[in-house]
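Got the viewer open? Let's take a short walk through some charged side chains, picking a pair at each stop.

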Amino acid sequence: MVVVRAFGTSCLDAKKREIERLAALEQLDLLDTPKDEGFERIVRLIKEIFAVDIGLVSLIDAHRQWYKACSGLAADEVPLEDTFCRYVVDREEPIVVQDATRDPRFAHNPAVTGESHVRFYAGVPLKTKGGHVIGTVCAIDRRPRSFGQKDLSVLHELAGVAMDRIELLQSAATDSLTGTLTRRAFRQEADQLLSLALRHQHDLSCIVLDIDHFKNVNDTHGHAVGDEVLKRAVDVCRRALHACDVFGRLGGEEFAVLLPDCSPPQARARAEQLRLSIAATSATQTHPDLVVTASFGIASSTPCGFELHRLLVVADAALYRAKRAGRNCVFMGDTGDIPDSPYLTEARG
């Protein structure tokens with residue numbers, strides 16, 4: 001009986017710890033946020049310092065490992081069950097694997113047997129001041145190798161730099177590339193507008209827009225051109241928006257605008273104005289013939305209630321319908337059949 005009680009207590013403690021860890025990760029609001037040069041610099045340093053093929057800064061939720069910055073791998077995320085890093089999170093301490101083919105935990109992992117051809121792995125926890133492991137910082141190679149204590153200490157220092165960057169971003173109000181509000185700051189501003197709309201019973205609408213075929217722009221012309229496309233689109237939107245509107249970047253190429261005292265028909269007209277303006281503007285100075293369009297979804301406070309979560313879900317669902325309808329169009333939100341989740345998970349592209 002003593003053994004069973006001890007085991008049960010340990011399981012309960014582990015479950016409680018995981019719940020607290022996920023809460024700490026959610027509080028940071030970093031998953032699926034745009035690329036950040038500070039983290040990109042860290043992964044480049046990992047490759048340079050250790051002479052490895054892959055550098056990685058990742059965040060890990062209950063189901064997946066998402067790469068905040070990655071150099072050397074094509075994917076943006078992997079299922080949790082396929083990761084090496086889940087062992088780092090579970091143990092809350094570093095793991096070094098000199099040759100994955102000789103380690104029974106990883107010998108049959110898809111990253112080892114598949115095209116990634118991972119052989120060496122060193123991962124250290126990305127830990128908050130509260131002691132919660134929210135992700136990892138990793139050095140990975142496609143050949144077996146050793147990794148000494150000094151190397152591990154350096155990787156720990158780079159994890160500290162990454163955590164410092166995370167803490168700095170928590171206080172940042174504007175996106176470094178586009179100058180729009182960060183997702184976190186957008187939500188804070190939006191909550192204030194929602195409270196005012198509720199108090200004074202004003203209309204309030206939300207527009208979510210996404211640049212069409214943006215991945216193709218990056219793949220064909222490079223990320224520098226992709227960045228210019230985003231900045232041009234944002235400049236176009238700014239010229240058409242009102243001073244009281246709240247404009248933020250939700251993800252890589254997805255933006256949101258909150259329109260105070262704006263009815264659904266007015267919101268649709270303004271979204272059409274934005275759509276036409278983006279399509280009529282030269283996407284970049286270096287590629288004047290590159291045609292860029294955007295798709296739009298709209299939600300109103302009238303059917304959704306005064307709750308930002310609900311507005312974004314409805315607007316995002318409408319945006320997805322616009323994508324499916326052929327892109328470069330505007331759809332109004334429909335509360336009839338939307339998933340009860342913060343964001344849709346289907347890829348729009």
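Is Arg 238 buried or exposed, or something in between? Select it and have a look: at 35% relative accessibility, Arg 238 is partly exposed. Bear in mind as you go that this is a predicted model.

Now add Asp 235 to the selection. Its side chain meets that of Arg 238 in a salt bridge, 3.9 Å from N to O. Asp 235 is partly exposed, also with a relative accessibility of 35%. Both residues sit in helix H8 (residues 223-240), and because they are three residues apart, about one helical turn separates them. While you're here, pull up Asp 32, Asp 61, Arg 64 and Glu 77 as a group: salt bridges with shared partners tie these four into one network.

Next, jump to helix H1 (residues 2-28) and pick Glu 18 and Arg 21, which are three residues apart there, about one turn of the helix. They form a salt bridge, with the closest N and O atoms 2.9 Å apart. Color this pair by accessibility: Arg 21 is buried at 5% relative accessible area, whereas Glu 18 is partly exposed at 29%.

Last pair: select Arg 91 and Glu 93. Their side chains meet in a salt bridge at 2.7 Å, N to O. Arg 91 is partly exposed at 43% relative accessibility, and Glu 93 is partly exposed too, with a relative accessible area of 35%.

Want to keep hunting? The count for the model comes to 23 salt bridges.

Conventions:
Residues are numbered from 1 along each chain as its sequence is written. This is a predicted model: local features need pLDDT of at least 70, side-chain atom pairs count only at pLDDT 80 or more; totals for chains, interfaces and linings use all residues. Side-chain values use heavy atoms; hydrogens and water are left out. Helices (H or I, at least four residues) and strands (E, at least two) are DSSP runs, numbered from the N terminus. Buried means under 20% relative accessible area, exposed over 50%, partly exposed in between (1.4 Å probe, protein chains only).
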